[in-house]
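Okay, thanks for coming, everyone. I'd like to walk you through a structure today, so let me put it up on the screen.

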Amino acid sequence: HLINRQFSAVSVKASAKLAGGAPVCVLGLDTNQSGTIHLEKDALLNAPNCAIYSNSKKPDGLKSKDAGSLTASFICSAGGKVADKSDAFAPAPRTDCPVLPDPLRSRPLPAAGACVATDMVITGSTVNLTPGTYCGGLKIRSGSRVTLTPGVYIFRGGKLDVGGGSTLTGINVGLHFSGSSLQFDPDSSVSLTAPKSGIMAGLLISEERKNPEDQKFNILSNDARMLLGTIYLPQGRLFIGANKPVADQSAYTAIVTRRIDLKQ
């Protein structure tokens, strides 16, 4: 009160929004790793209608090497970015962006129930599976054709492992991992869409928030063009290493993960 002895009330109103105005479709959550989002060996991440965001505060939190390329409507890094070619990122990333909180941090996730199968191996068969908790892993091999009927599939321990020329399909299915992970081998064929209702509505792949840090979820399939829904791995490390396009036939695929690596 420089002029009079009474206090004047001052109010300030501000609104904040992500620069660029685009919804975030890929978010790397780890704030303290090099290459929280990492592209290598001709890998291409294409997100023309949305934003790519790295929370890493490291100078190389957003990283491209060996001709890896990232294209989006907007690219942002809480730290810095490095690349070995000038046009690796389009448009040029903003740096020193604020860290984004996990947008799904309060979302309920499914709980494991009694095991419907333990250490299950499917070899050279055509099988329809039903929702439930699969314990000790599920291995699909030798040209098997497995269809997941609609619902939530919880994998507790072990790994969902698809390979040997096998096919995994499912419409309106959610895959949730508790102390486990997944492996889609290069010779596998995978086509999955997320549920439209229920606890995993819109979530195609999720994991327990208490899972070990940086547990690898490997999508190596050269025929995984339909992965419709959100991939939510708050503790995990998503590795996409296919030689063919992944999820390019999906209406949308959103990724929220601790770290993501793409390598062709």
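I'll start with the whole chain, then go through some strands, and finish with the charged side chains.

So, first thing to keep in mind: this is a predicted model. The protein chain has 264 residues, and 49% of them count as buried. How many helices and strands does the chain have? There are 0 helices and 21 strands. If you trace the C-alphas, the chain spans about 85 × 45 × 30 Å along its principal axes.

Let's go to strand S1, which covers residues 24–28. Of its 5 residues, 4 are buried, so S1 is largely enclosed by the rest of the structure. Which strands does S1 pair with? Well, 4 bridges join S1 to strand S3, residues 44–54, and those two run parallel. Then there's strand S21, residues 253–263, joined to S1 by 3 bridges, also in parallel. Val-26 is a handy residue to click on here. Its bridge partner in S3 is Ile-52, and in S21 it stands opposite Ile-255.

Okay, moving along the chain to strand S14, residues 167–170. S14 is joined to strand S11, residues 145–148, by 4 bridges, and the two are parallel. Leu-148 has Gly-170 as its bridge partner in S14. S14 also pairs with strand S17, residues 189–193, again in the parallel sense and over 4 bridges. In that pairing, Thr-167 stands opposite Ser-189.

Have a look at Ser-166 as well, which sits in the loop between strand S13 and S14. Is Ser-166 buried or exposed? Ser-166 counts as buried, because its relative accessibility is 0%. How far is Ser-166 from Leu-148? In sequence they are 18 residues apart, and in space they are 14 Å apart, C-alpha to C-alpha.

Now the charges. Side chains of opposite charge can pair when their charged atoms come close. In this model the count comes to 9 salt bridges, and I'll show you three.

One is Asp-87 with Lys-85, where the closest N and O atoms are 4.0 Å apart. Asp-87 counts as exposed, at 51% relative accessibility, while Lys-85 is partly exposed at 29%.

Another is Arg-258 with Asp-214, with the closest N and O atoms 3.6 Å apart. Arg-258 is in strand S21 and Asp-214 is in the loop between strands S18 and S19, so this pair ties together parts that are 44 residues apart in sequence. Arg-258 counts as buried, because its relative accessibility is 16% and the cut-off for buried is under 20%. Asp-214 is partly exposed at 26%. These two also belong to a network of salt bridges that links Asp-30, Glu-213, Asp-214, Arg-258 and Arg-259.

Then we have Arg-225 and Asp-248, whose closest N and O atoms are 2.6 Å apart. Arg-225 lies in strand S20, and Asp-248 is in the loop between S20 and S21, so here the parts tied together are 23 residues apart in sequence. Both ends are partly exposed: Arg-225 at 32% and Asp-248 at 38%.

Last stop, the surface. Which residues form a positive patch there? That would be Lys-41, Lys-65, Lys-216 and Lys-263. Lys-65 lies in strand S4, residues 62–65, and is partly exposed, with a relative accessible area of 32%.

That's my tour, so go ahead and spin the model around.

Conventions:
Residues are numbered from 1 along each chain as its sequence is written. This is a predicted model: local features need pLDDT of at least 70, side-chain atom pairs count only at pLDDT 80 or more; totals for chains, interfaces and linings use all residues. Side-chain values use heavy atoms; hydrogens and water are left out. Patches are made of residues with over 30% relative accessible area and no salt bridge: like charges are joined within 9 Å, nonpolar side chains (Val, Leu, Ile, Met, Phe, Trp, Tyr) within 5 Å. Accessible areas come from the Shrake-Rupley method with a 1.4 Å probe; for residues, only the protein chains shown count as cover. A salt bridge is a side-chain nitrogen of Lys or Arg within 4 Å of a carboxyl oxygen of Asp or Glu. Lys and Arg count as positive and Asp and Glu as negative; His and the chain ends are not counted. The place of a charge is taken as NZ of Lys, CZ of Arg, CG of Asp or CD of Glu. Buried means under 20% relative accessible area, exposed over 50%, partly exposed in between (1.4 Å probe, protein chains only). Two strands pair if DSSP finds at least two bridges between them.
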